[in-house]
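Work through the following exercises with the sequence and the model side by side, attempting each task before reading its solution.

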Amino acid sequence: MSHEVRTPLNAVIGMTNILLMDNPRPNQIEELNTLKFAAENLLVLVNDILDFSKIESGKVILENISFYLPLLVNNLKNSYHFNASDKGIKINSIIDENIPSQILGDPTRLSQILNNLVSNAIKFTEVGFVDISIRKLEEDSKRISIRFEISDSGIGIAPEKHQSVFDSFSQANSDTTRKYGGTGLGLTITKKLIELHNSQIFIESEIGKGSTFYFDISFELSNDKDVKIVSFDDLDSNKLKDKKILLVEDNPFNQLIARKFLEKWHAIVETADNGIFALEKLTVNKYDLILMDIQMPEMDGIETTKAIRKHRDISLQKIPIIALTAVAMENDKEKLLKDGMNDYISKPFNPNELFKKITKYM
């Protein structure tokens, strides 16, 4: 179901983004933005339900990799800047300067926790602020304990509802879904992900006086001093100018959408409908990167990647391969990396994320 639902969503969101980039008439912009908003909300609902199922079935395994926490928080803040500005809300990040540059943990799941809390704070705040605060609690030679706090000046939650907001498919009030949307799964998922970190989430809130959600997580300190800290504030399309990319994708709509974006970034794009055609093209042409769909007829993305990694041509073995996948129920990243992929991006993809992933390997 994950693949079947997300594939058409990829086409809807992708085509809407393309139409918005193609200089629509002023009277079409509002209609396209409405379509995009509705499609992205539908994607949030689908992802919530899929994530909930994944966590419930015990299929979420936390990574333990080196990452730079202040950059993660600043990128999160920047990603919500426009949402907050549209509502006239000030979004702030307060980062303890005593937090070390590198810690070990799961930046993807931590981002998901913070994303859920920040998006909720913005959703339920009409005036005022949203603050993202991280501070060191204690540290020894091996570990550091950090408190994360998301505060807002929003509508608040009645004391008797403080625990029920974490229940599955539950909202603080009966009209919340109608007024604000959502599945009522965001805080449930957040709570479960924090519990996977052997911690708990707490709430302080009153009606009309805003809310504060906070939790503590203990991380190992990292000895990796060579982790590169890269931040992309904008999309410099010259980074992909004249780069040759092979797009291996059987769905013509997905091909069209990905090609449109890549060509707008001045890349040279060739396509293959499945793995067999991809291997044929790779024997006669040189490419800088491959975007590889996973589910394809004749020869799927996993088989194709394994064949490339075993190819007699050493340069071909080393070509970066980014998986394009609509599947979200398995431990995708670990399996795809094991099968020879360098990275992956979920469909429907965010154009900014796709650009960042590609330029990372250029």
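## Exercise 1: The chain as a whole

Buried residues, meaning those under 20% relative accessible area, with exposed over 50% and partly exposed in between (1.4 Å probe, protein chains only), make up 46% of the 362 residues in the protein chain. This is a predicted model, in which local features need pLDDT of at least 70 and side-chain atom pairs count only at pLDDT 80 or more, while totals for chains, interfaces and linings use all residues. Residues are numbered from 1 along each chain as its sequence is written, and side-chain values use heavy atoms, with hydrogens and water left out.

Task: state how many helices and strands the chain has, and what share of its contacts joins residues 24 or more positions apart.

Solution. The secondary structure comes to 13 helices and 12 strands, where helices (H or I, at least four residues) and strands (E, at least two) are DSSP runs, numbered from the N terminus. Taking contact to mean heavy atoms within 4.5 Å, and counting contacts with a separation of 6 or more, residues 24 or more positions apart account for 71%.

## Exercise 2: Two partners of helix α5

Task: describe how α5 crosses α3 and α7, and which residues make each contact.

Solution. Begin with the geometry, for which axes are lines fitted to C-alpha atoms, for helices over the stretch in contact, and angles run from 0 to 180 degrees between N-to-C directions. The axes of α3 (residues 69–79) and α5 (residues 107–123) come within 11 Å and cross at roughly 35°. This crossing is right-handed, a term used if the near helix is turned clockwise from the far one by less than a right angle, and left-handed if anticlockwise. On the α3 side L69, L72 and L76 take part, and they meet P107, L110, S111, L114, N115 and V118 in α5. These residues divide into seven nonpolar, two polar and no charged, with Ala, Val, Leu, Ile, Met, Phe, Trp, Tyr, Cys and Pro counted as nonpolar, Asp, Glu, Lys and Arg as charged, and the others, Gly among them, as polar.

Turn next to α7 (residues 186–196), whose axis comes within 9 Å of that of α5 at a crossing of roughly 145°; this crossing is left-handed. R109, Q112, I113, N116, L117 and N120 of α5 make the contact with G186, L187, I189, T190, L193 and I194 of α7, and the residues involved divide into six nonpolar, five polar and one charged.

## Exercise 3: The largest nonpolar core

Task: find which residues touch the most other members of the largest nonpolar core.

Solution. A nonpolar core is a set of buried Ala, Val, Leu, Ile, Met, Phe, Trp, Tyr and Cys residues joined through side-chain atoms within 4.5 Å. The largest has 43 residues, of which L69, L110, I146, F148, F215 and F219 touch the most other members. Its largest share, seven residues, comes from α5. Leaving aside neighbours within four places in sequence, F219 contacts residues including F67, L110, I146 and F148.

## Exercise 4: Positive phi in two loops

Task: where do N23 and H266 lie, and is each exposed or partly exposed?

Solution. Most residues other than glycine have a negative phi. N23, in the loop between α1 (2–21) and α2, has a positive phi near 50° and is exposed, with a relative accessible area of 70%. H266, in the loop between α8 (252–264) and β9 (268–272), has a positive phi near 70° and is partly exposed, at 38%.
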